[in-house]
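Trainee: I have a model open and do not know how to read it. Could we go through it feature by feature?

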Amino acid sequence: MKSHSLKKIIIFTLAATLFWSCGDSEKKNTVSSTGITLPTSTTAQLSASNYSALLNQIQCRTGQRLSNIYTFSSSSFSGSSQTTISGTFNSGGIGGTSVAREYVGVGYYGDVMIVQKVTSSSQVIGYNVLLSMCSMSSSNGAPYISDTRQLTNFSGKIVLDDEVSCGHGMVDSSQTSMQSQMDPNYSYLPVFQVETWFTKVGCVSY
């Protein structure tokens with residue numbers, strides 16, 4: 001979620017537990033396998049077409065899906081079957097030998113979080129967090145979140161659950177924040193603080 005409104009938080013809590021395979025087929029929300037930018041990392045990961053299959057099932061409620069998928073990482077975690085990652089995250093991914101499991105979460109506006117459990121020689125060394133955000137603008141069209149404003153300084157708390165009944169794990173809950181940097185075309189806009197909340201979806205194939 002990208003709002004401080006208590007009313008919207010309540011609505012989000014009720015609505016985001018549903019799987020977002022809505023019938024909205026607006027082309028502006030469609031992601032092609034060549035239309036997204038994946039993070040640079042030495043860690044094995046799914047292809048662009050796999051992530052596109054996931055993102056095309058979760059529509060943006062407002063705006064459109066950004067072309068860039070942002071990646072942050074952390075080696076600060078605790079727990080086993082239910083893992084908590086917290087603190088300030090690094091920019092970019094952790095390189096390891098493999099991604100042991102992925103966890104999927106969705107935000108109220110259709111933002112998607114994919115968390116990768118990264119291992120090296122079967123030892124968990126950290127987690128990559130991939131974020132696919134939906135654009136957001138002011139009433140007069142000034143962009144708060146867009147492909148021309150870099151997202152940085154990701155921090156907060158993410159709770160993961162292995163959810164063995166699915167082919168993937170779940171983001172049980174998260175309360176995180178990041179900053180949308182200056183847009184060269186709108187130099188009068190200050191750095192925008194983006195507050196984000198994600199929670200679990202149903203089992204999805206991608």
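Mentor: We will take strands, a buried residue, the cores and the salt bridges in turn. This is a predicted model, where local features need pLDDT of at least 70, side-chain atom pairs count only at pLDDT 80 or more, and totals for chains, interfaces and linings use all residues. Residues are numbered from 1 along each chain as its sequence is written, and side-chain values use heavy atoms, with hydrogens and water left out.

Trainee: How many bridges join β10 to β11?

Mentor: Helices (H or I, at least four residues) and strands (E, at least two) are DSSP runs, numbered from the N terminus. Two strands pair if DSSP finds at least two bridges between them. Here β10 and β11 run antiparallel and are joined by nine bridges. Leucine 160, for instance, has valine 171 in β11 as its bridge partner. Strand β10 also pairs with β3 (residues 82-88), in the antiparallel sense, over seven bridges. There, isoleucine 85 has isoleucine 158 of β10 as its bridge partner.

Trainee: Is serine 177 buried or exposed?

Mentor: Buried means under 20% relative accessible area, exposed over 50%, and partly exposed in between, with a 1.4 Å probe and protein chains only. Serine 177 has a relative accessible area of 12%, so this residue is buried. Serine 177 is found in strand β11, residues 169-180.

Trainee: Which residues is serine 177 in contact with, leaving aside its neighbours within four places in sequence?

Mentor: Contact means heavy atoms within 4.5 Å. With those neighbours left aside, serine 177 is in contact with Asn153, Phe154, Ser155, Gln193, Val194, Glu195 and Thr196.

Trainee: Which residues of the largest nonpolar core touch the most other members?

Mentor: A nonpolar core is a set of buried Ala, Val, Leu, Ile, Met, Phe, Trp, Tyr and Cys residues joined through side-chain atoms within 4.5 Å. The largest one here has 22 residues, and Met113, Val115, Leu131, Met133 and Phe154 touch the most other members. At least two residues of this core come from each of β1 (70-74), β6 (112-120), β7 (123-132), β10 (151-161), β11 and β12 (192-200). Strand β10 gives the largest share, four residues. A second, separate core has 14 residues, among them Ile58, Ile69, Leu130 and Val201.

Trainee: How many salt bridges does the structure hold?

Mentor: Side chains of opposite charge can pair when their charged atoms come close. A salt bridge is a side-chain nitrogen of Lys or Arg within 4 Å of a carboxyl oxygen of Asp or Glu. The structure holds three. One is between the side chains of arginine 101 and aspartate 162, at 3.8 Å, N to O. Arginine 101 lies in strand β5 (residues 98-106) and aspartate 162 in the loop between β10 and β11, so the pair ties together parts 61 residues apart in sequence. Both arginine 101 and aspartate 162 are buried.

Trainee: Which residues do salt bridges that share partners join into one network?

Mentor: Start with glutamate 163 and lysine 200, whose side chains meet at 2.9 Å, N to O. Glutamate 163 is in the loop between β10 and β11 and lysine 200 in strand β12, 37 residues apart. Glutamate 163 is partly exposed at 21% relative accessibility, and lysine 200 is partly exposed at 27%. Lysine 200 also forms a salt bridge with aspartate 172, at 3.1 Å, N to O. Aspartate 172 is buried, with a relative accessible area of 18%. Shared partners thus join Glu163, Asp172 and Lys200 into one network.
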